[in-house]
Amino acid sequence: MKLVLLGPPGAGKGTQAAMLVAEFDIPQISTGDMLRAAVRDQSPMGIKAKEYMDAGGLVPDAVVVGIVCERLQQADCQGGFILDGFPRTVQQADALKQTLSDMNMQLDSVISLEVNTESLVERLIGRRTCGTCGKGFHLKFDPPGSDGRCSVCGGELVHRDDDQEATIRNRMDVYHQQTAPLEDYYRQDGLLQAINGMDEIVTVQQKIVSALQAG
Ligand code: ADP
Ligand code: ADP
Ligand code: ZN
């Protein structure tokens with residue numbers, strides 16, 4: 001299964017990707033996670049990327065395309081993958097198409113998660129991520145243990161710097177301007193499957209799995 005998860009910040013891409021990893025036994029490729037790892041490592045690329053991320057803008061296409069293309073060459077991606085947060089521009093989508101075609105591959109589906117803006121803001125403000133194992137939580141919708149720590153590994157939960165209201169609004173604008181055109185792009189390719197992302201997490205998961213089985 002070769003999938004793209006499309007949707008605005010907070011739509012549930014990371015949450016659903018984690019479930020699909022278990023369901024289909026294929027890797028999750030999250031450009032956000034990869035970029036945050038580069039920022040933590042203070043690699044030259046990470047240092048540059050941080051400025052764009054802190055402002056809620058997009059990291060330049062060439063950088064992100066480079067990271068993803070390299071990742072897709074690895075052995076564990078040959079049987080399928082879940083792209084989470086990539087592509088985010090038409091240029092990235094074109095580059096992905098070319099890379100996959102060079103590898104004699106093509107996407108099976110693009111799942112688009114649809115959630116209204118006010119819910120997105122509420123989700124991002126309450127989002128917390130385990131600093132140790134990366135598991136995602138929400139203070140209200142998917143709460144951690146009563147000690148406020150990760151229910152899987154006991155790690156400390158992190159509130160992302162870019163999950164503050166001003167940056168969130170900026171990220172929404174960027175989504176509408178640069179990423180939303182990909183809905184039409186993939187609709188024209190016959191790959192788009194729109195899912196109502198407003199339902200509860202498990203319901204959304206069931207709908208995605210049914211949509212993929214229906215093909
Ligand atoms: P994205 O990767 O699209 O930015 P996340 O998967 O990180 O989104 O989800 C954003 C926040 O919303 C997280 O705190 C997550 O726990 C929560 N969340 C995800 N899906 C739902 C849902 N269906 N209903 C309520 N909250 C959700
Ligand atoms: P979200 O919760 O908004 O889905 P991500 O974790 O996917 O956030 O991304 C966080 C930040 O990393 C983005 O705001 C952007 O600066 C950068 N980023 C992630 N993926 C991409 C991409 N495909 N192209 C450009 N920048 C990206
Ligand atoms: Zn954890």
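**A lined pocket, a zinc site and two buried residues**

Helix H5, which spans residues 90-102, gives the most to the lining of the second largest pocket, contributing five residues. The model described here is a predicted one, and the volume computed for this second largest pocket is about 160 Å³. Its lining comprises Ala-93, Leu-96, Lys-97, Leu-100 and Ser-101, together with Met-105, Gln-106, Leu-107, Tyr-186, Asp-189 and Leu-191.

The zinc ion (ligand 3) takes its protein donors from four cysteines, the SG atoms of Cys-130, Cys-133, Cys-150 and Cys-153, which lie 2.3 to 2.4 Å from the ion. In sequence, the donor residues of the zinc ion (ligand 3) follow the spacing C-x2-C-x16-C-x2-C. Within this set, the pair formed by Cys-130 and Cys-153 links distant parts of the chain, the two residues being 23 residues apart; Cys-130 belongs to strand E5 (residues 127-130), whereas Cys-153 is found in the loop between strand E6 (136-138) and strand E7 (157-158). The angles among the four donor atoms of the zinc ion (ligand 3) run from 97 to 116°, and the site is tetrahedral. For four tetrahedral donors, the ideal angle at a metal is 109.5 degrees. The two cysteines of the linking pair can also be described by their accessibility: Cys-130 counts as buried because its relative accessibility is 4%, under the 20% cut-off, while Cys-153, with a relative accessible area of 37%, is partly exposed.

Thr-31 is part of helix H2, which covers residues 31-41, and it counts as buried, with a relative accessibility of 3%. A polar atom of the Thr-31 side chain lies 3.0 Å from the backbone oxygen of Gly-85. When its neighbours within four places in sequence are left aside, Thr-31 is in contact with Gly-85 and also with Val-64, Val-68, Asp-84, Phe-86 and Arg-88.

A further buried residue is Gln-205, located in helix H9 (residues 201-214), for which the relative accessibility is 18%. Because buried means under 20% relative accessible area, Gln-205 at 18% is counted in that class. With its neighbours within four places in sequence again left aside, the contacts of Gln-205 are with Gln-16, Met-19 and Glu-23.

Definitions and conventions
Residues are numbered from 1 along each chain as its sequence is written. Chains are lettered from A and ligands numbered from 1 in the order in which they are written. This is a predicted model: local features need pLDDT of at least 70, side-chain atom pairs count only at pLDDT 80 or more; totals for chains, interfaces and linings use all residues. Side-chain values use heavy atoms; hydrogens and water are left out. Donors are N, O and S atoms within 2.8 Å of the metal (3.2 Å for Na, K and Ca); water is not among the atoms, so sites may look incomplete. Four donors count as tetrahedral if all angles lie between 85 and 135 degrees; four count as square planar and six as octahedral if opposite donors are over 155 degrees apart and all others between 65 and 115; anything else is irregular. Helices (H or I, at least four residues) and strands (E, at least two) are DSSP runs, numbered from the N terminus. Buried means under 20% relative accessible area, exposed over 50%, partly exposed in between (1.4 Å probe, protein chains only). A polar contact is a pair of N or O atoms within 3.5 Å; within protein, one must be able to donate a hydrogen and the other to accept it, and residues adjacent in sequence count only if both atoms are side-chain atoms. Contact means heavy atoms within 4.5 Å. On a 1 Å grid over the protein atoms alone, a cavity is a set of points where a 1.4 Å probe fits but cannot get out, and a pocket is an open set with protein on both sides within 12 Å along at least five of seven lines; lining residues have an atom within 4 Å of a point. Grid points are joined across faces, edges and corners, and a volume is the space filled by probe spheres set on the points.
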